[in-house]
Amino acid sequence: MAKVLSDFLAQEIESLHQKKLFRKLRILEGRQLPQAQFDGQPVVNLSSNNYLGLTTHPELVKAALRATEEYGVGSGAVRTIAGTMKIHMALEEKIARFKQVEACVVFQSGFTANAGTVSAILGKGDIIISDELNHASIIDGCRLSRAEIKIFPHKDLSALERILQEVQSHPGKKLVITDGVFSMDGDIAPLPQVVELAERYGSIMMLDDAHSSGVLGRNGRGTVDHYGLHGRVDIQVGTLSKAIGSLGGYVCGSRALIEYLYHRARPFLFSTSHPPAVAACCIAAFEVLEREPQLIERLWQNTRFFKSGLSRLGFNTGASETPITPVIIGNGDLAMRFSDELFNEGVFAQGIGYPTVPEAKSRIRTIVTATHSLEQLQFALDVLGKVGKRLGII
Ligand SMILES: *Cc1c(COP(=O)(O)O)cnc(C)c1O
């Protein structure tokens, strides 16, 4: 290895150790289930985004196997050359109908959907107005676009309006962009007011619904449906990697938007499309959402049960309104220690500190799913209570 590289890596890794930010990957043995084994340790798993348990749903597994046998394991090309299979189009049509929009395009991941779309729509001379807690893929998309980036404090509508007023006479395009559900805090964007402001000031409105699809709205249609805002959000991004249980991202909007992205979204143009199995099991997932709404009811029942248990124990769960519930500790070392000790006692809840959240808001993050049993959740609450008391958190 070049000395300059090995020196650089050794220094950076040492600094991560010093700041106690160095993390080893936890390795899952077997399936992604609410009770699972990581690093040889059986745990109640509160760290996956598998909200509805679809990663192992028999209908999805069957669809993936069938598509693999029929079409093989790969698509063989990027979408714009020879890699658009009928099944890719079928998935996009399915999503567009589900989300009640004209058209949809699927990307390799939610990350590439955001980064590819923002950087295709906005350019030099344009302005992006972004919530400070938006996802990293939005931030990267903003930077790639070379537009001017203006950040407003989290969910601060008057700050958002102030920025919109300031840039009102600016000749370029403006984009207001927000997550639907925020991934570290589990709170929901005040979308009706944000949309109203975007409309009033002639701005493009874009929403990242990664943690809301399959969770909020009728049959999990997302934040737009939750608030009854159909037709008023220009660009809706979603992911196929969380509640949908597989892998991918998508953009929903007008037919013209999708046609434009076919020509200008770089991950769509320059990276190979999904294997047919991925498209097939995602189609099956949307069918499950339509056919088994009880999964979403279970998710919310479990969410209410777990949240009320956490607050009874006296934990600070911040502003969460969804199945993502942080337990805010406020000290990075203590949050990591809390997470490690929970793990040793059989509960997996990831510790999250700086730079993902500010040091003073260090936390563990819990996510319940529809497939957790009440016994598993009660066990987790008991362990959280015991370890929380031992560490003086409650
Ligand atoms: C997870 C996430 C993404 C990325 O989705 P992937 O499909 O995992 O790439 C984008 N935005 C938000 C808000 C997310 O939470």
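**Note on the predicted model: surface, helices, rings and charges**

1. At 38% relative accessibility, I13 falls into the partly exposed class, because that class covers residues between the buried limit of under 20% and the exposed limit of over 50%. The model under review is a predicted one. I13 is part of helix 1, which covers residues 3-18. Together with M1, V4, L5, F8, L9, L16 and F22, I13 makes up a nonpolar patch on the surface. The accessible area of this patch is about 750 Å² in total.

2. Helix 1 also contains a salt bridge, between D7 and K3. The closest N and O atoms of D7 and K3 are 2.6 Å apart. The two residues stand 4 positions apart in helix 1, so about one helical turn separates them. An α-helix has 3.6 residues a turn, so residues three or four places apart point the same way. K3 is exposed, with a relative accessible area of 59%, whereas D7 is partly exposed at 38%.

3. Helix 11, residues 276-291, has 16 residues. From its first C-alpha to its last, helix 11 reaches 23 Å, close to the 22 Å expected at 1.5 Å a residue. Is helix 11 mostly covered or mostly uncovered? Helix 11 is mostly covered, with 13 of its 16 residues buried.

4. One residue of helix 11, E290, takes part in a salt bridge with R221. The closest N and O atoms in this bridge are 3.9 Å apart, which lies within the 4 Å cut-off for a salt bridge. R221 is in the loop between strand 8 (204-208) and helix 8 (223-226), so its pairing with E290 ties together parts that are 69 residues apart in sequence. R221 is buried, at 13% relative accessible area, while E290 is partly exposed at 38%. R221 has a further contact: its charged end sits over the ring of F98, 4.6 Å from the ring centre.

5. Across the whole structure, a search finds 7 aromatic pairs. One of them joins F107 and F268 in an edge-to-face arrangement, with 6.2 Å from centre to centre and 65° between the planes. F107 belongs to strand 4 (residues 103-107) and F268 to helix 10 (residues 266-270), so the pair ties together parts that are 161 residues apart in sequence. Both rings belong to buried residues: F107 has a relative accessible area of 2%, and F268 has a relative accessibility of 5%.

6. The pair of F315 and F338 is tilted, because the ring centres are 6.0 Å apart and the planes meet at 35°. This pair links distant parts of the chain, 23 residues apart. F315 lies in the loop between helix 12 (294-313) and strand 11 (324-328), and F338 lies in helix 13 (residues 332-344). F315 and F338 are buried.

7. The loop that holds F315 also holds S320. Is S320 buried or exposed? S320 is buried, with a relative accessible area of 15%, because buried means under 20%. S320 and R23 are 297 residues apart in sequence, and their C-alpha atoms are 26 Å apart in space.

8. A search of the whole structure finds 23 salt bridges. Among them is the one between D340 and R26, at 3.6 Å from N to O. D340 is in helix 13 and R26 is in the loop between helix 1 and strand 1 (28-29), so the pair ties together parts that are 314 residues apart in sequence. D340 is partly exposed, with a relative accessible area of 31%, and R26 is also partly exposed, at 28%.

9. R26 has a second partner: it lies over the face of F348, at 5.7 Å from the ring centre. F348 in turn forms one aromatic cluster with F38 and F343. R26 is thus to be read with both contacts in view, the salt bridge to D340 and the ring of F348.

10. A network of salt bridges links R337, E341, E345, K386 and R390. Side chains of opposite charge can pair when their charged atoms come close.

Technical notes: Residues numbered from 1 in each chain as written. Predicted model: local features only at pLDDT ≥ 70, side-chain atom pairs only at ≥ 80, totals over all residues. Heavy atoms only, no water. Patch = residues over 30% accessible without salt bridge, like charges linked within 9 Å, V, L, I, M, F, W, Y side chains within 5 Å. Areas by Shrake-Rupley, 256 points an atom, 1.4 Å probe, with all protein chains shown as cover. Salt bridge = Lys/Arg side-chain N within 4 Å of Asp/Glu carboxyl O. Buried < 20%, exposed > 50% of the residue type's maximum accessible area, 1.4 Å probe, protein only. Expected span 1.5 Å × (residues − 1). Phe/Tyr/Trp six-rings, centres within 6.5 Å; stacked < 30°, edge-to-face > 60°. Lys NZ or Arg CZ within 6 Å of the ring centre and 35° of its normal.
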